[in-house]
Amino acid sequence: MSETISSFTGFGLGLRKEHHALFLDEAQPVDFVEIISENFMACGGRALHTLDAMRERYPVIMHGVSMGIGSPHGLNREYLDELKCLADRVNPLWVSDHLCWTGLPGHNSHDLLPLPYTNQALETCIANLLHAQALLERPMLVENPSSYVTFAESTMSEWQFLAALAQDSGCYLLLDINNVFVSSVNHGFDPLEFLRAIPADRVRQIHLAGHSQGPEGMLIDTHDAPVCPEVWALYQRALDRFGPCATMIERDDAIPPLPDLLAELDQARLAARELV
Amino acid sequence: MLAKLQRRFITEIAEGDDGPASSSRGMAIYRNAYRARLADALATSFERTQYWVGDELFSAASAHYILTQPPVSWTLDAYGAQFPAALAKLFGEDPEVAELAWLEWHMQQAFAARDIGALTAADLAQAGLAESDWEDLRLVPAAGFACRPITHDIASLWHGLSGTADDLPPMPNADEAVLLIWRKDFSPQFRQIGPAEWAALDPMLRGDSFGAVAAAAGEHGIALLGQWFAQWLGEGLFSAIRLPT
C-alpha cells in the first residue's frame with residue numbers, strides 16, 4: 001500500500017445521535033466529524049439520510065470498532081464489503097479501527113480485546129491490514145486501545161508493536177492519548193516512553209476522552225467524562241512531539257450538551273496554539 | 001498459539017473460566033463489560049418487553065440468553081434476533097411476551113431496513129398495465145416487511161406501553177389476528193389484520209399472482225379485495241410489481 005494520507009490539522013467531534021439535529025440545523029465550529037462506521041453499515045432509512053446530509057456540511061472520518069485486525073482467522077468478508085460500500089458513499093478523510101481482536105468465528109465479544117505483542121500477532125495484524133487496505137483502496141489509521149491485562153507471551157511493548165505495524169503495513173496511526181494514559185496506569189509504564197517510540201510521520205489523528213476509576217486502582221476507558229488534567233498534559237507533550245494533528249473529543253456515554261463538548265474542543269485548540 | 005490464546009480468553013470472559021492473562025482483576029473488567037454490553041443491547045432493543053414483564057424477570061431472561069446465545073454477527077445490532085424465540089420458551093404460559101418482543105425487534109429492523117421505494121397507485125397507473133398483465137402481476141413487499149400470527153392484542157399493548165400511564169393496559173385476546181410490520185418513508189409501521197384480510201394478502205406475499213388471488217376471492221369477494229388492495233397501496237405495503245418476462 002503505497003498511497004499516503006495527507007496531514008489534516010483540524011479539530012472535530014465524534015458525532016452522536018443526541019447532537020445530529022444541532023449539527024444539521026446550523027454550522028457548528030468543527031473542522032470534521034467522526035462517525036462510528038458500524039452505526040451506518042448494512043442499513044438504510046433515516047440514519048443514512050442523516051449521514052448524507054452531514055456529509056454535505058462537514059468532512060467525515062469513519063471510525064470502526066469491529067474489524068478485529070488481530071484475528072488469526074482473517075477478516076470477515078461481509079463486514080469488509082459493507083465497510084467499503086459505506087466508504088465509497090461517504091468518501092471520508094480516512095477510515096480507522098483499533099489494534100485489537102473482537103472475537104472468534106461464531107462468537108463475537110463486541111469489545112476491543114487485547115493482543116499479546118508477539119511476532120505472530122504482528123504478522124497477523126499486518127496481513128489483515130494489507131487485506132483491508134487493498135479492499136478499501138486506501139491506507140487506514142490504527143488506534144491504540146486501552147487495555148486491562150498483559151500477556152506473559154509478549155515479546156515487545158505496545159509502542160514497539162505499533163511502530164512495526166505502521167512500518168510494515170503502510171498504515172497510519174490514530175493516537176488515543178487517554179488510552180495511552182489509562183494503559184500506562186494499568187500496566188505501570190511511562191506514557192512518555194510510549195509517545196517517544198511512535199513514528200511521528202505516521203500519526204494522523206489524536207483522540208481525547210475521559211475515563212473512570214475501576215477496581216484496585218485500575219482505570220477504565222469509559223468515554224463518559226471530560227478529559228482529565230493528566231491527559232491534557234500528555235496531549236501537550238504529544239503535540240510537542242508530533243506537531244499539529246487532527247484532534248477530536250470522543251464521548252460515547254453520559255453525552256453532555258454540545259456546547260460542553262465544543263468548550264472542551266476549544267481547550268484542545270488552545271493547547272495547539274501554545275505549540276505555535 | 002494466538003488462536004488458542006484467544007479461544008481461552010473469550011471462554012473466560014463469556015463463561016468465567018480460568019484464562020491466560022496475567023491479571024485477574026483486568027479479566028474481571030473484560031468479563032463485566034461483555035455481559036453488561038449484551039444486557040444493555042437487549043434492554044435497549046426490548047424496552048417495552050422489559051416494562052411488560054418487569055425488570056427482575058427481564059434480567060433473568062436476559063442473563064439466560066447471554067449464556068446460551070453468544071453473539072455471532074459482526075454487528076451488535078443483530079444480537080437480539082433470537083430473543084423473541086427465547087422468550088417464547090421462557091414465558092410459554094404468556095405468549096404475549098414473545099409477541100411483543102417480536103414486534104419490538106421487527107420495528108427496529110424495519111427502521112434500518114435497506115431503502116426501497118414504496119409502490120403507489122400512481123406508479124401502477126403509470127405502468128400502463130393491460131388487463132392480462134393484472135392476471136400475472138405479482139407484488140414485492142415493502143422495506144422491512146415482516147408478519148406473524150398473534151394470540152393477543154399486541155397493538156393495544158404497544159400503544160399502552162408507549163404512554164405514561166402507570167397502569168398496564170388490559171389485554172383482550174386477539175381473534176386469529178396477524179401482525180404486519182413494514183416501513184413507509186422513514187417510519188416503521190404496523191397493523192393487526194383479521195383472518196379475511198390475511199387470507200387475501202397471504203397468497204400475494206407467497207408469490208401468487210393478483211389474478212389468482214382475485215379468482216380465489218370470487219365475485220362476492222372481489223369488491224372487498226379491491227378495497228384492501230387500495231388500502232395496502234396507500235399504506236405503502238408493497239415496493240414493486242413483477243411481471244413475467
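User: What makes strand S9 (residues 203-208) of chain A count as enclosed by the rest of the structure?

Analyst: A residue is buried if 20 or more other C-beta atoms lie within 10 Å of its own. In S9(A), six of the six residues are buried, so the strand is largely enclosed by the rest of the structure. Note that this is a predicted model.

User: How do you know which strands S9(A) pairs with?

Analyst: Two strands pair if DSSP finds at least two bridges between them. Strand S8 (residues 172-176) of chain A and S9(A) have four bridges and run in the parallel sense. Here A:Leu174 stands opposite A:Gln205 of S9(A). Four bridges also join S9(A) to S12(A), again parallel. A:Leu208 has A:Ile249 in S12(A) as its bridge partner. Both counts meet the cut-off of at least two bridges, so both are pairings.

User: Why is the sheet in chain A called a barrel?

Analyst: Eight strands close up in the order S1-S2-S3-S4-S7-S8-S9-S12 (chain A), with parallel pairing. On average, neighbouring strands of this sheet are turned by 25 degrees against each other, direction ignored.

User: How do you know that strand S1 (residues 11-14) of chain A and strand S12 (residues 246-249) of chain A pair?

Analyst: S1(A) and S12(A) share three bridges in the parallel sense. The cut-off is at least two bridges, so the two strands pair. A:Phe11 has A:Thr247 in S12(A) as its bridge partner.

User: What makes both faces of strand S3 (residues 60-63) of chain A covered?

Analyst: In a regular strand the side chains alternate between the two faces of the sheet. On one side of S3(A) are A:Val60 and A:Met62, on the other A:Ile61 and A:His63, and all are buried. S3(A) also pairs with strand S2 (residues 32-36) of chain A over four bridges, in the parallel sense. The bridge partner of A:Ile35 in S3(A) is A:Met62.

User: Why is A:Ala233 classed as it is, buried, exposed or partly exposed?

Analyst: A:Ala233 has 14 other C-beta atoms within 10 Å. Buried needs 20 or more, and exposed needs 12 or fewer. The value falls in between, so A:Ala233 is partly exposed. A:Ala233 is found in helix H8 (residues 229-242) of chain A. From A:Gly106, A:Ala233 is 127 residues away in sequence and 42 Å away in space, C-alpha to C-alpha.

User: How do you know whether chain A agrees with a compact globule?

Analyst: For 276 residues, a compact globule would have a radius of gyration near 19 Å. Chain A has 18 Å, which agrees. The C-alpha atoms fill a box of roughly 50 × 40 × 40 Å along the principal axes. Of the 276 residues in chain A, 49% are buried. The chain has nine helices and 12 strands. Among contacts in chain A with a separation of 6 or more, 77% join residues 24 or more positions apart.

User: What does the globule rule say about chain B?

Analyst: The rule gives 18 Å for 245 residues. Chain B has a radius of gyration of 23 Å, well over that, so it is more spread out than a compact globule. Its C-alpha box is roughly 75 × 50 × 25 Å along the principal axes. Buried residues make up 32% of the 245 in chain B. Chain B holds 11 helices and five strands. Of the contacts in chain B with a separation of 6 or more, 66% are between residues 24 or more positions apart.

User: What describes the packing of helix H1 (residues 2-15) of chain B on helix H2 (residues 24-45) of chain B?

Analyst: Two packed helices are described by the angle between their axes and the distance between the axes. For H1(B) and H2(B), the angle is about 65 degrees and the axes are 8 Å apart. The crossing is right-handed. H1(B) contributes B:Glu12, B:Ile13 and B:Ala14, and H2(B) contributes B:Met27, B:Tyr30, B:Arg31 and B:Tyr34. By class, that contact has five nonpolar, no polar and two charged residues.

User: How many residues of chain A and chain B are in contact, and which elements of chain A take part?

Analyst: 37 residues of chain A are in contact with 37 residues of chain B. On the chain A side, the elements giving two or more residues are helix H2 (46-57), strand S5 (101-104), strand S6 (107-113) and helix H4 (119-136). S6(A) gives the largest share, six residues. The chain A side divides into 17 nonpolar, 15 polar and five charged residues.

Terms used. Residues numbered from 1 in each chain as written. Chains lettered and ligands numbered in written order. Predicted model: local features only at pLDDT ≥ 70, side-chain atom pairs only at ≥ 80, totals over all residues. Contact = placed C-beta atoms within 7 Å. Nonpolar A, V, L, I, M, F, W, Y, C, P; charged D, E, K, R; others polar. Rg over C-alpha atoms; globule rule 2.2 N^0.38 Å. Axes fitted to C-alpha atoms, helices over the stretch in contact; angles between N-to-C directions. Left-handed = near helix turned anticlockwise from the far one by under 90°.
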